[in-house]
Amino acid sequence: MILVDALTKSFRRDGRDVLVLDDVSLSVGTGRIAGVIGPSGAGKSTLARCINLLERPTSGTITVGEQELTSLDDRRLQAARRSIGTIFQSANLLSSRTVAGNVALPLEIAGVPRGERRERVAELVARVGLEDHARSYPAQLSGGQRQRVGIARALALRPSVLLSDEATSGLDPDTTRSILALLRGLRDDLGLTILLITHEMEVVRDVCDQVALLRDGRIVEQGDVASLVADPASALGRGLVPARPVGTTPTGAQAWRVTYTDRAVDPGWLAGLQDELGTRVALLGASVEAVGGRPSGHVTVALDDAGLDLAARLGDRGLFAERLGADDEAQPPSAVADLVAAPPTAAEDPGTPVTRPSTTAPSATDPAAGARTGESA
Ligand SMILES: Nc1ncnc2c1ncn2[C@@H]1O[C@H](COP(=O)(O)OP(=O)(O)OP(=O)(O)O)[C@@H](O)[C@H]1O
Ligand SMILES: [Mg+2]
């Protein structure tokens with residue numbers, strides 16, 4: 001479990017204090033995976049560094065498991081920190097050590113006896129699927145394999161919490177998926193609580209139970225991923241399953257955006273609609289996927305009969321419909337580009353072999369984005 005309560009952090013810069021985290025509160029239950037997204041400079045990495053107390057918070061408390069870390073002196077903190085594993089965009093491996101040697105490092109520092117160490121290293125290397133590479137050196141590994149070594153090393157001291165700061169940012173989509181599957185497996189098998197800092201909405205959608213959007217050091221929106229996606233008013237939810245740019249509305253017709261708000265939407269809801277309404281229903285765009293095990297998404301349709309009230313017809317079917325004006329159609333209602341950060345550049349992170357441009361997203365202005373403060377769904 002991770003509990004962040006009223007955390008603030010300021011840094012001294014040019015003789016004055018700059019507030020980087022402002023009253024951040026967040027709780028991640030045991031065995032849950034929480035995403036933190038936000039633009040570059042929002043304070044995401046600082047939040048991670050405060051959670052493992054590499055940075056002392058200016059005020060507020062951090063509790064991990066049963067221990068309030070912020071109340072511990074340095075010596076007790078040293079021991080308590082073992083309950084937190086951390087992985088970064090660059091795995092930061094020692095090039096002179098093999099995979100096994102890198103994974104063994106925290107065990108050596110902790111004074112674990114050689115025999116026990118060897119056993120534990122073999123178990124960890126197997127857990128991340130690198131049995132065949134135990135004697136390889138980092139230079140002989142792919143980026144994804146290096147990241148696996150970093151994960152094995154982070155797990156060496158049996159932490160209950162794993163912090164991941166852009167750990168998949170330099171990886172291609174397939175490798176990212178395999179790393180996420182590994183993390184999910186670790187959560188399921190070991191009951192790990194995971195905090196994932198990412199700029200990739202797909203990562204949040206695929207693996208996170210909950211998500212918080214950080215902007216200028218404040219959490220502007222947070223909640224369960226599935227609930228946010230089902231909330232038509234949630235900018236974050238719309239960023240997670242963005243409504244794609246729509247086709248042109250036929251002349252005289254009225255376009256509607258339909259949001260899945262219930263877990264029990266009949267997948268055939270569109271089939272009989274045309275007959276039922278007695279007007280032509282044109283499908284202009286759709287983005288529907290399973291999020292948190294339930295159908296979620298946005299569909300844009302146009303009704304030839306502009307006077308019909310689609311909202312009243314669909315409300316009891318777990319679907320929320322809203323009329324689109326001409327402006328809405330020109331600008332898809334997604335502020336994804338606004339919500340997420342560009343990945344740290346290779347210059348900031350020299351250890352990463354591959355960099356990939358930020359997820360492209362339709363640019364849009366969204367008056368609702370950022371207007372919701374600290375609510376959870
Ligand atoms: N040690 C420090 N001293 C002074 N300022 C700092 C320090 N660490 C971070 N900052 C400032 O805090 C702000 C947030 O930085 P942080 O690294 O947490 O952002 P981020 O959300 O992780 O960004 P990115 O997505 O680019 O990684 C930045 O303005 C940064 O300059
Ligand atoms: Mg960062």
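# Exercises on strands, sheets, helices and a ligand shell

In strand S1, Lys 9 stands opposite Leu 21 in S2. The model used in these exercises is predicted.

## Exercise 1. The partners of S1

Task: find how many bridges join S1 to strand S2, and in which sense the two strands run.

Solution. Step one is to take the pair Lys 9 and Leu 21, the latter in S2, as a starting point. Step two is to follow the pairing along both strands: S2 covers residues 16–28, and nine bridges join S1 to S2 in an antiparallel run. Step three is to look at the turn. S1 and S2 form a hairpin with two residues between them. In that turn, Asp 14 has a positive phi of about 50°.

Step four turns to another partner of S1. Strand S4 (residues 59–64) pairs with S1 over five bridges, in the antiparallel sense. Here Asp 5 is found opposite Thr 61 in S4.

## Exercise 2. The sheet of six strands

Task: state in which order the six strands of the open sheet lie, and which are the edge strands.

Solution. Begin with the order, which is S6-S7-S8-S3-S9-S10, with mixed pairing. The edge strands are strand S6 (84–88) and strand S10 (218–224), each of which pairs on one side only. From one strand to the next, the twist averages 15°.

Next, examine one pair in this sheet. S6 pairs with strand S7 (residues 161–165) in the parallel sense, over five bridges. Within this pair, Thr 86 is placed opposite Leu 163 in S7.

Last, find what lies across the strands. Helix H1 lies across strand S3 (33–37), S7, strand S8 (193–197) and strand S9 (210–215). Relative to S8, H1 runs at about 150°.

## Exercise 3. The sheet of four strands

Task: find how many bridges join S12 to strand S13, and which residue stands opposite Gly 285.

Solution. First place the strands: the open sheet of four has the order S12-S13-S11-S14, and its pairing is antiparallel. Strand S12 (281–291) and strand S14 (319–323) are the edge strands, each pairing on one side only. The twist from one strand to the next averages 15°. Then count the bridges: S12 and S13 (residues 294–303) are joined by 10 and run antiparallel. The residue opposite Gly 285 is Thr 300 in S13.

## Exercise 4. Helix H3 and two neighbours

Task: decide whether H3 is roughly parallel or oblique to H4, and do likewise for H3 and H5.

Solution. Take H4 to begin with. The axes of helix H3 (residues 99–109) and helix H4 (residues 114–127) come within 9 Å and cross at roughly 125°. H3 is therefore oblique to H4. The crossing is right-handed. From H3, Val 99, Ala 100, Val 103, Ala 104, Leu 107 and Glu 108 meet Arg 117, Arg 120, Val 121, Leu 124 and Val 125 of H4. Sorted by class, this contact has eight nonpolar, no polar and three charged residues.

Now take H5. The axes of H3 and H5 come within 7 Å, crossing at roughly 30°. Angles under 35 degrees count as roughly parallel, so H3 is roughly parallel to H5. H3 passes H5 in a right-handed crossing as well. On the H3 side the contact is made by Val 99, Asn 102, Val 103, Leu 105 and Pro 106, and on the H5 side by Val 149, Ala 152 and Arg 153. Six of these residues are nonpolar, one is polar and one is charged.

## Exercise 5. Helices H5 and H6

Task: find at what angle the axes of H5 and H6 cross, and which residues make the contact.

Solution. The axes of helix H5 (residues 143–155) and helix H6 (residues 173–190) cross at roughly 20° and come within 10 Å. H5 is therefore roughly parallel to H6. Their crossing is right-handed. H5 contributes Gly 143, Gly 144, Gln 147, Arg 148 and Ile 151 to the contact, while H6 contributes Thr 175, Ser 178, Ile 179 and Leu 182. By class there are three nonpolar, five polar and one charged.

## Exercise 6. The shell around ligand 1

Task: find which element gives the most residues to the shell around ligand 1.

Solution. There are 13 residues around ligand 1, and those that come nearest are Phe 11, Ser 40, Lys 44, Ser 45 and Thr 46. Strand S1 (2–13) and helix H1 (44–51) each supply at least two residues of the shell. H1 gives the most, with three residues. The shell divides into five nonpolar, six polar and two charged residues.

Note on methods:
Residues are numbered from 1 along each chain as its sequence is written. Chains are lettered from A and ligands numbered from 1 in the order in which they are written. This is a predicted model: local features need pLDDT of at least 70, side-chain atom pairs count only at pLDDT 80 or more; totals for chains, interfaces and linings use all residues. Axes are lines fitted to C-alpha atoms, for helices over the stretch in contact, and angles run from 0 to 180 degrees between N-to-C directions. Angles under 35 degrees count as roughly parallel, over 145 as roughly antiparallel, 65 to 115 as roughly perpendicular and the rest as oblique. A crossing is left-handed if the near helix is turned anticlockwise from the far one by less than a right angle, and right-handed if clockwise. Two residues are in contact if their C-beta atoms, placed from the backbone, lie within 7 Å. Ala, Val, Leu, Ile, Met, Phe, Trp, Tyr, Cys and Pro count as nonpolar, Asp, Glu, Lys and Arg as charged, and the others, Gly among them, as polar. A residue is near a molecule or strand if its C-beta atom, placed from the backbone, lies within 6 Å of it. Two strands pair if DSSP finds at least two bridges between them.
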